[in-house]
Structure formats: C-alpha cells, structure tokens
Amino acid sequence: MKFPTSSSSYSYSSVTPIHSVFLRTKNRGKLSFNLFQGTSSSTTTASTTTSTSTSSSSSQNHQLLSGSIPAAAAMVSSPATHPHHAHYPLPLFSVAPMMEWTDNHYRTLARLISKNAWLYTEMLAAETIVYQKDNLDRFLEYSPEQHPIVLQIGGNNLENLAKATELANPYKYDEINFNCGCPSPKVAGHGCFGARLMLDPKFVAEAMSVIAAHTDVPVSVKCRIGVDDHDSYNELCDFIYKVSSQSPTRHFIIHSRKALLNGISPAENRSIPPLKYEYFYGLLRDFPELRFTINGGINTVEEVNAARRAGAHGVMVGRAAYNKPWHTLGHVDTVVYGAPSSGLTRRQILEKFQVYGDTAVGRYGRKPTVRDVARPLLGLFHSEPGNGLWKRKADAAFQRCTTMKEFFDETLVAIPDYVLDKPIGEPPSGSGDPFANIHSLLPPAYESRELELQYA
C-alpha cells in the first residue's frame, strides 16, 4: 500500500449510513425522533458527495479464508457488506489505538463524525484472542460502517500471534498492527511485550513475518523512538532497519517520544519524555523505501496538515480525537481529505448513535451498560454552553437509565437547541506549526545498516 503525501491523488469511498449495527440482534432499539426535535432541528441527513477510487495503490484484495467463520463475523464482513476489492481513503489521518477508549462504542461515534479517518481497535493481546476463541464476537465484532479499521494486537509468543491472526481473519480487518510502543507495566513488564520489544528487533521481525504469513492484509508496527537509555537516533534506525529488512513490514507508526518503563505511569509516558519530531523526519530521510505515520502531541487538523506538509505520509491523533471528537474528527474529512462538508449536526449524530446504542446495551448480559456505551459522548459538547450541566446530568443518568433513549431524555435538555443543530463550522485558527523548522534539526544520517545487521 502506498501513501501519497498529497490529498489530490485519490478519491473518497462512501460509508453506508448506520442502518443495522449488529445484524444478529433480536430486539433492536427504535429511535424516538421526538426526543431530538428542537426548535430549529433538521433531521434530514445531508447527502455526501462520494466517488470510488480506482487507484490500485489504495485497494486491498480481501479474501475469505477457508475454514469456519463465526456467524456474526460472516454477517459483519460478508461480501455484501465488505467487497473483496474495497476502496478506502488513504490513511492520511488515523485515530490511535487507546486501551479502554477506542472500543466499539467510540469507533461507532467516530465513524458517524468522520467518514475518512482510519480507526484502530484497542490493543488486544494475542492470548486473549486465542483463549476467547469461542467468544470472539465480544472482542472482534464491529459494524461494517467502521471500515477502514485496523486491528492492533500485542504479544511475545509466536505461536499465539499466528493463532490470533488466523482467528481474526474472518472479521476482515483492513490491516493488522503490532504493538511495540505501550509503556504500561502490565504490558511491558510482566507480559514482556509492548515497548520493551523495541529492545529485541530480531523477535519483532519474526513476529511480523508470522503475522504476515497468516493474513492477506497489510501489516504494520507501532513503536516509540526508544526505550529508557536506548534512545539514540542510531538505535531507532537499527530497530527500523532490522525489522523492515527481515520481515514484510513496510509501514511504521512512530510515537515521537521514548518510553520510560520504570518509575512513571503510562499517562506520564505521554507527557514527560520530550517529543523528538526530528527523529521521525530523520527516518523519512534515511528510509525512503518505507512509509511512516507520525504520532504524539498532535492535537488539531492544522497540525496534522503541517506534519504532512513537512513530509509525513500519515498522521495519528489520540487523546484529542477522543476528548474533543466534534472539534477534531469533525474537521478531518474537509480539512485533511478535501471532501465536501457532510452538513451533519450533533443532533443527527446522536439520532444515529441512539439506534446503535439501544442494540448494544446489555448485549452480553449485564454488559455493556448505558455508561459503557455513552462514555465516548462525554466530549461531544466540549467548550459549548451547557457542557458542564450535561456531564452532571449524565453522571446521574448512568445510575438509573437502562436504555440510550432514557439517557438522552434525561440529559440533552442541558444542551441548547442551537448547539445541537449547528453543523460543524470552520476549524479554529491560531494553531502553531511545530514542524516549520524541523528539517534544520535532523540528526546525522544513519550509516551503519550492514554492520548492525551482522549482529542482529
């Protein structure tokens, strides 16, 4: 898969409106449009101009593998809903995999707001997939509207990585990403995977070869720029070179901070180690045959485009896409991809999300709860009038509501109609360009490839 640096070299794919979310659900929630009718509401979904890409560089050949396919997976990703030759926008913008955040509920909301952003699952341990093989829908199922979607897996056992990849194949993810960047002690310590794997590039290359051998979709690695004291640019290049030269990996997502595995929390690992964007852009210079997506500290679509102007093939955004979904994802299609505005309002987004939510609540017994399903919505009115009251009402509603309709009945009265019915506007101006002088800061070129490979 190739990643052009200009948005003018590809077309856009259409995303079917959410009409059925879980096709096996017996009792679908019905939408009460009265709930959403405000003084200036328009419930007519705006049409979106779309076209089909004809570029082979942005298409993947997805084939159902032989063997049994879980019923829900076949329905979610059957040829009727996911063509063998799917055409998607290129991953110029993607939402980072975030543990306990980028679940099915969040991804449903994200796709309603942006039709073009690439979505990533939470990291799933290969062992979880293998040990839950009779309960995979709970971990791997998603609605067809979520394409393009990437499965991120973690692990340090080649056999389990192979099995997990095979078990995930029927769900037809568009890419499989291997986690070499998580600094959590639960992952990097006891499990000895995540960021700690950067210290063992030979194993990472073996793991990527195994994963690639058991799937027909692209594979990629997400990593940091270093680990603890192993944080020189040369060591980062050694890792990239060894993994790419000894496996089919051609796409790396680089979180531009190193990981500190002892003494600080995962949250502190997202802020204390300094950002070194110059390392990322050094990789672009020294590995022109590879593709790189930049991650870390990028919070607005203006900064996304600034990173791309400086040469990044793609940009991944994490917390900003979760905490401020309307203000971040709402501008991706127009500002990053150059697509026409959908004209959708928050009210229309919530109408569709309610349809999803009332099929999802209680799907697995007591789980998920209304709180679980509604949690991604709590940033939807960030910085808007009524936001504080909305959150307080949500906290109270979580204690007693059993359906999304009840939840919205109790909480949306806090939000003025003009906020609910205002389409996404122009992105806020004033973002600086953290990449303006980045090419004057690049580290010395990497020159020790062959010598380092001998000692891999």
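Let us start with Arg347, a buried residue with a relative accessible area of 3%; buried stands for under 20% relative accessible area, exposed for over 50% and partly exposed for what falls in between, with a 1.4 Å probe and protein chains only. The model is a predicted one, in which local features need pLDDT of at least 70 and side-chain atom pairs count only at pLDDT 80 or more, while totals for chains, interfaces and linings use all residues. Residues are numbered from 1 along each chain as its sequence is written, and side-chain values use heavy atoms, with hydrogens and water left out.

## Salt bridges

What does Arg347 pair with? Its side chain meets that of Asp417 in a salt bridge, 3.2 Å from N to O. Arg347 belongs to helix α15 (residues 346-360) and Asp417 to helix α19 (residues 417-420), so this pair ties together parts that are 70 residues apart in sequence. Asp417 is partly exposed, at a relative accessible area of 26%. For the terms used here, a salt bridge is a side-chain nitrogen of Lys or Arg within 4 Å of a carboxyl oxygen of Asp or Glu, and helices (H or I, at least four residues) and strands (E, at least two) are DSSP runs numbered from the N terminus.

Searching the whole structure gives twelve salt bridges. Three of the pairs are set out below.

| Pair | N to O distance |
|---|---|
| Arg347 and Asp417 | 3.2 Å |
| Asp231 and Lys258 | 2.9 Å |
| Glu159 and Lys163 | 3.2 Å |

Asp231 and Lys258 form a salt bridge. This pair links distant parts of the chain, 27 residues apart: Asp231 sits in the loop between β7 (219-223) and α9 (233-245), and Lys258 in the loop between β8 (251-255) and α10 (277-286). Asp231 is partly exposed at 25% relative accessible area, whereas Lys258 counts as buried at 17%.

Glu159 and Lys163 share helix α6 (residues 158-168), where they are four residues apart, about one turn of the helix. Lys163 is partly exposed, with 37% relative accessibility. There is also a network of salt bridges linking Arg346, Glu384 and Lys422.

## Helix packing

The two loops joined by Asp231 and Lys258 lead into α9 and α10. How do these helices pack? Their axes are 11 Å apart and make an angle of about 50 degrees; axes are lines fitted to C-alpha atoms, for helices over the stretch in contact, and angles run from 0 to 180 degrees between N-to-C directions. The two helices are therefore oblique to each other, a word for angles left over once those under 35 degrees count as roughly parallel, over 145 as roughly antiparallel and 65 to 115 as roughly perpendicular. From α9, the residues in contact are Tyr233, Leu236, Cys237 and Ile240, and from α10 they are Tyr279, Gly282, Leu283, Arg285 and Asp286; contact means heavy atoms within 4.5 Å. By class, six of these residues are nonpolar, one is polar and two are charged. Here Ala, Val, Leu, Ile, Met, Phe, Trp, Tyr, Cys and Pro count as nonpolar, Asp, Glu, Lys and Arg as charged, and the others, Gly among them, as polar.

Helix α15, home of Arg347, also packs on helix α3 (residues 104-113), with the axes coming within 10 Å and crossing at roughly 145 degrees. On the α3 side are Asn104, His105, Thr108, Leu109, Leu112 and Ile113, and they meet Ile349, Lys352, Phe353 and Tyr356 of α15. This contact has six nonpolar, three polar and one charged residues.

## Prolines and backbone angles

His105 turns up again beside Pro368, a residue in the loop between α15 and α16 (370-374). Leaving aside residues up to four places away in sequence, Pro368 touches His105, Ala360, Val361, Gly362, Arg363 and Val373. The C-alpha atoms of Pro368 and His105 are 9.7 Å apart, although their positions lie 263 residues apart along the chain. In sequence terms, Pro368 and His105 are 263 residues apart. Pro368 is buried, at 10% relative accessibility.

Most residues other than glycine have a negative phi, and most peptide bonds are trans. Which bond at Pro368 is cis? The one joining Lys367 to Pro368, with omega about -10 degrees. Another cis peptide bond runs from His147 to Pro148, with omega near 0 degrees, and Pro148 lies in the loop between α5 (137-140) and β5 (149-154).

Two residues other than glycine with positive phi round off the picture. Glu100 has phi near 65 degrees; this residue is in the loop between β3 (93-95) and α3 and is exposed, at 57% relative accessible area. Asp228 has phi near 50 degrees, lies in the loop between β7 and α9 and counts as partly exposed at 22%.
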